[in-house]
Number of protein chains: 2
Amino acid sequence: MSANYWISVPFVSTWRMANKAPRAERRTEALSRLQIIEAAIAILDSQGEAALTFRALAARLSTGFGAIYWHVANKEALLAAAADHIVSAAVETTQLTATEPREFIRAVSLAVFDAFDAHPWVGIQLSLSPGRVGMMQVFEAIGGSLVALGIPQQDRFDAWSALVNYIFGVASQNAANARRVHEGTTREGLLTEIAERWGELDAAQYPFLREIAGHLPGHDDRQQFLAGIDLILAGLNPR
Amino acid sequence: MSANYWISVPFVSTWRMANKAPRAERRTEALSRLQIIEAAIAILDSQGEAALTFRALAARLSTGFGAIYWHVANKEALLAAAADHIVSAAVETTQLTATEPREFIRAVSLAVFDAFDAHPWVGIQLSLSPGRVGMMQVFEAIGGSLVALGIPQQDRFDAWSALVNYIFGVASQNAANARRVHEGTTREGLLTEIAERWGELDAAQYPFLREIAGHLPGHDDRQQFLAGIDLILAGLNPR
DNA sequence: ACCTGAACACCGTTCAAGT
DNA sequence: ACCTGAACACCGTTCAAGT
């Protein structure tokens, strides 16, 4: 076993010298929580989840990384706030298009799906918990539509839960898939690879997967998502 | 600006002396991938996601942390393999109970739901990608049941996708909720808190959420999950 | 073939000190 | 009230060196 241990001693580090932050001049106005969230979204969208560090965020905001903690409790809260901001913006685009309830449910669902698709990192951090305004807006929109549809009160809670769970569940699954398509592979390439694997499976053990393997590469995630919504709606019985 | 930078110099560190791993004697047999995955599951189940580090895993396996890289590519692959192992074990318990197709779909769905509930960390890392045996088993079980149910070929792909997406989507959402119930709060406490918030919402903007707030604390996630499955099944038209 | 652990290049978070 | 960044206590991953 080696007898060498390490201790730190003050000295000039050439690495630190070379990489000393060439930061622009300090900001003059105070930071705001919203500015931080928007900057975080910009980093997440352009460079992905791994690139969102307090140091990178502080650099973009021309401030020290400790400053962020004055406005946001920690990284988890930052991610949650960024995700909810996206969801909220997505519902609001559909808020005024209210027409027939089923159409409205479809519109809200697609808005969430598209938002998750455009910002795949949103899928990581959600779940119902107090203060998620965006999620609450979606919850209300779907629930209100069920009332308008005339679903009897005793069926409403389960129907609402199924829809809302389906919407967020599928949207995040899809986002997770989108997340792993970024280096080298395309979505088509990934699906083709999976289809090939499924096509080679044992026919006795995996007859169904072999059968549908061919459908995989060409299919439209968005319309398949919508087909699921329609399936749930078809199971509902308005009185 | 401070002129102090830091460089490392070999010396005896008292911290390292005090915390030197009091590890048991080295293992004699070679590690296996399965052993690593099982040890990872044990840590994830007992101490949660944050506790799974290569160093902790190596300590439990009485080996060096570098050894793990010989068997597993990286942490992402380790998490994915652990999650798939759980899913696979869950389906296998239902594999022989095959009765009526709808009953079988319910049984497989509940097995996945319960597995996610017992191992909430499973929700983090899944998504279809080559080589996930557990997911493939669920996919096949659901698809085969749809064939047995007599769902026409042109509807099968969408119906299968809706079910499979619902199952994994909702199970992971539920697991995410379970994950944030661990310190101080109980599930009941969390739901009661949310219900209270929803009950105080503006009646004009959130009429539905106010209405269902009361249903939240007492409801059974498992049976509500099943109600969603039934809703999708009800929308299907066997010929 | 398989294991070891020093070393590297980072992290999130805290907090005394500043303005 | 709000910001700064040194310091702390970690991480995952690599890789030369061992057996």
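Helices on this tour are DSSP runs of H or I with at least four residues, and they are numbered from the N terminus. Keep in mind as you click along that the model is predicted.

**Stop 1: the end of α7 in chain B**

Select residues 133-149 of chain B, which form helix α7. This helix has 17 residues and reaches 24 Å from its first C-alpha to its last, close to the 24 Å expected at 1.5 Å a residue. Colour α7(B) by accessibility and you will find it mostly covered, with 13 of its 17 residues buried. Now step just past the helix to Gly150(B), where phi takes a positive value of about 85°.

**Stop 2: chain A as a whole**

Zoom out to chain A, which has 11 helices and one strand. Following the sequence, the strand comes at the start of the pattern, β-α-α-α-α-α-α-α-α-α-α-α. Of the 239 residues in chain A, 48% are buried. Take the contacts in chain A with a separation of 6 or more: 69% of them are between residues 24 or more positions apart.

**Stop 3: around α3 and α4**

There are 20 aromatic pairs over all chains in the whole structure. Select Phe54(A) and Tyr69(A) for one of them, a stacked pair with 4.6 Å centre to centre and 10° between the planes. Phe54(A) belongs to helix α3 (residues 54-60) and Tyr69(A) to helix α4 (residues 68-71), so the pair ties together parts of chain A that are 15 residues apart in sequence. Buried or partly exposed: which word fits Phe54(A)? Phe54(A) is buried, at a relative accessible area of 11%, whereas Tyr69(A) is partly exposed at 45%.

While you are here, add Arg55(A) and Phe65(A): Arg55(A) lies over the face of the Phe65(A) ring, 4.7 Å from its centre. Switch to chain B and look at Arg55(B), whose charged end sits over the ring of Phe65(B), 4.7 Å from the centre.

Next, select Ser62(A) in the loop between α3 and α4 of chain A. Its phi is near 55°, a positive value in a residue other than glycine. Ser62(A) counts as buried, because its relative accessibility of 16% is under the 20% cut-off. In chain B, Ser62(B) lies in the loop between α3 (54-60) and α4 (65-71). Ser62(B) has a positive phi of about 55° although it is not a glycine, and it is buried with a relative accessible area of 17%.

**Stop 4: an edge-to-face pair and its cluster**

Before moving on, recall that Tyr69(A) is partly exposed at 45% relative accessibility. Now select Phe139(A) and Phe168(A): their ring centres are 6.0 Å apart and their planes stand at 90°, so this pair is edge-to-face. Phe139(A) is in helix α7 (residues 133-149) and Phe168(A) in helix α8 (residues 153-179) of chain A, so you are viewing a link between distant parts of the chain, 29 residues apart. Phe139(A) is buried at 5% relative accessible area, and Phe168(A) is buried at 1%.

Extend the selection to Phe116(A), Phe157(A), Trp160(A), Trp198(B) and Phe208(B), which join Phe139(A) and Phe168(A) in one aromatic cluster. Centre on Trp160(A). Not counting residues up to four places away in sequence, Trp160(A) touches Phe139(A), Ile142(A), Gly143(A) and Leu146(A), along with Trp198(B), Phe208(B), Leu209(B) and Ile212(B).

Which residues have the most contacts inside the largest nonpolar core? They are Trp160(A), Trp198(A), Trp160(B) and Trp198(B), and the core has 150 residues.

**Stop 5: helix α11 of chain A**

Select residues 221-234 of chain A, the 14 residues of helix α11. At 1.5 Å a residue α11(A) should span 20 Å, and its end C-alpha atoms are 20 Å apart, which agrees. At the start of α11(A), a side-chain oxygen of Asp220(A) comes within 2.9 Å of the backbone nitrogen of Arg222(A).

The buried residues of α11(A) include Phe225(A), Leu226(A), Ile229(A), Ile232(A) and Leu233(A). What do the buried residues of α11(A) pack against? Show α6 (101-118) and α8 of chain A, then α8 (153-179) and α11 (221-235) of chain B.

**Last stop: Asn174(A)**

Finish on helix α8 of chain A, where you will find Asn174(A). This asparagine is buried, with a relative accessible area of 11%. Leaving aside its neighbours within four places in sequence, Asn174(A) is in contact with Phe113(A), Asp117(A) and Asp221(A).

Terms used. Residues numbered from 1 in each chain as written. Chains lettered and ligands numbered in written order. Predicted model: local features only at pLDDT ≥ 70, side-chain atom pairs only at ≥ 80, totals over all residues. Heavy atoms only, no water. Phe/Tyr/Trp six-rings, centres within 6.5 Å; stacked < 30°, edge-to-face > 60°. Helix = DSSP H or I, 4+ residues; strand = E, 2+ residues; numbered from the N terminus. Buried < 20%, exposed > 50% of the residue type's maximum accessible area, 1.4 Å probe, protein only. Lys NZ or Arg CZ within 6 Å of the ring centre and 35° of its normal. Core = buried A, V, L, I, M, F, W, Y, C linked by side-chain atoms within 4.5 Å. Contact = heavy atoms within 4.5 Å. Expected span 1.5 Å × (residues − 1). Polar contact = N/O pair within 3.5 Å; in protein donor to acceptor, adjacent residues only side chain to side chain.
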